Amino acid sequence: MTTPFITRHRRALLPLLGALALAWSAPAAAQAAAEKPMDHAAHMAHAMHAAQEEDSTPVKLSGASVYQIKSALTDQDGRSFKLDQRRGQPVLVSMFYNSCKFVCPMLIDTMRNTEQTLTPEERAKLQVMLITFDPERDDVKALKAVSVQRELDSARWTLARTDPASVRQIAAALDIQYRKLGDGEFNHTTVLVLLDGEGRIIGRSKKLGAVDPVFQKLLKQTLQAAAAPAAHVH
């Protein structure tokens with residue numbers, strides 16, 4: 001049985017105990033509230049750092065990409081470059097040699113006529129490249145002479161040479177066959193090859209002397225797709 005004295009003192013103690021509980025819990029609550037923003041800030045900093053590391057890591061090339069070949073080439077102006085420096089834009093590419101008197105000049109004309117079917121905006125997004133089978137005779141001076149004589153736009157047209165082993169490697173990647181003859185001439189596949197921005201073959205045409213309408217349509221579609229803005233990712 002509870003006495004009136006104990007009851008009165010219990011009632012007096014209840015407000016005091018409540019105040020003590022509040023005083024005890026307030027610092028703990030304040031500390032927890034302070035820790036949450038710090039944890040969130042640390043988490044965001046870590047996420048941003050990870051995103052920056054991910055963005056700075058180049059996307060690996062596909063095994064089907066011609067740009068896997070790491071050989072050094074030299075253009076008609078004596079500048080050294082590698083194939084993967086053309087990454088990001090479609091490239092119209094083929095192989096030739098300067099002393100060819102008939103088929104190779106026709107190949108260059110066909111490539112030039114094909115690009116002339118494009119609008120100025122489309123041409124600005126296309127690179128054109130010719131790589132010689134004959135680096136022994138086609139030095140920088142010879143390549144420059146072809147560029148000047150043919151009035152090729154050096155801002156977009158690259159005439160290039162490399163070492164014989166790399167010539168074989170590039171020809172194999174482009175599925176272009178060639179064979180050097182005893183008189184110094186070459187038997188070779190004559191073909192226009194279209195590469196996408198990652199160096200993958202997406203089209204071929206063996207038609208010479210006139211524009212191949214099917215290949216020309218694919219070329220325009222490729223350039224238009226390359227020019228389209230990338231979809232925004234949330």
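The paragraphs below describe one helix and one arginine in a predicted model. Residues are numbered from 1 along each chain as its sequence is written, local features need pLDDT of at least 70, side-chain atom pairs count only at pLDDT 80 or more, and totals for chains, interfaces and linings use all residues. Side-chain values use heavy atoms, with hydrogens and water left out.

Helix H6 covers residues 213-227. Helices (H or I, at least four residues) and strands (E, at least two) are DSSP runs numbered from the N terminus. The expected span of a helix is 1.5 Å times one less than its number of residues, so the 15 residues of H6 should span 21 Å, and its end C-alpha atoms are indeed 21 Å apart.

Phe215, Gln216, Leu219, Thr222 and Leu223 of H6 are buried, meaning under 20% relative accessible area, where exposed is over 50% and partly exposed lies in between (1.4 Å probe, protein chains only). Because these buried residues cover an arc of only 125° around the axis, they are on the same side of H6; the arc is that of the directions from the helix axis to the C-beta atoms. On the other side, Pro213, Val214, Lys217 and Ala225 are exposed.

Among the elements that cover the buried residues of H6 are strand E3 (91-96), helix H2 (103-116) and strand E9 (201-205). Contact here means heavy atoms within 4.5 Å.

Arginine 87 sits in the loop between strand E2 (80-82) and E3. Its relative accessibility is 29%, so arginine 87 counts as partly exposed. In sequence, arginine 87 and aspartate 196 are 109 residues apart, yet their C-alpha atoms are 8.4 Å apart in space.
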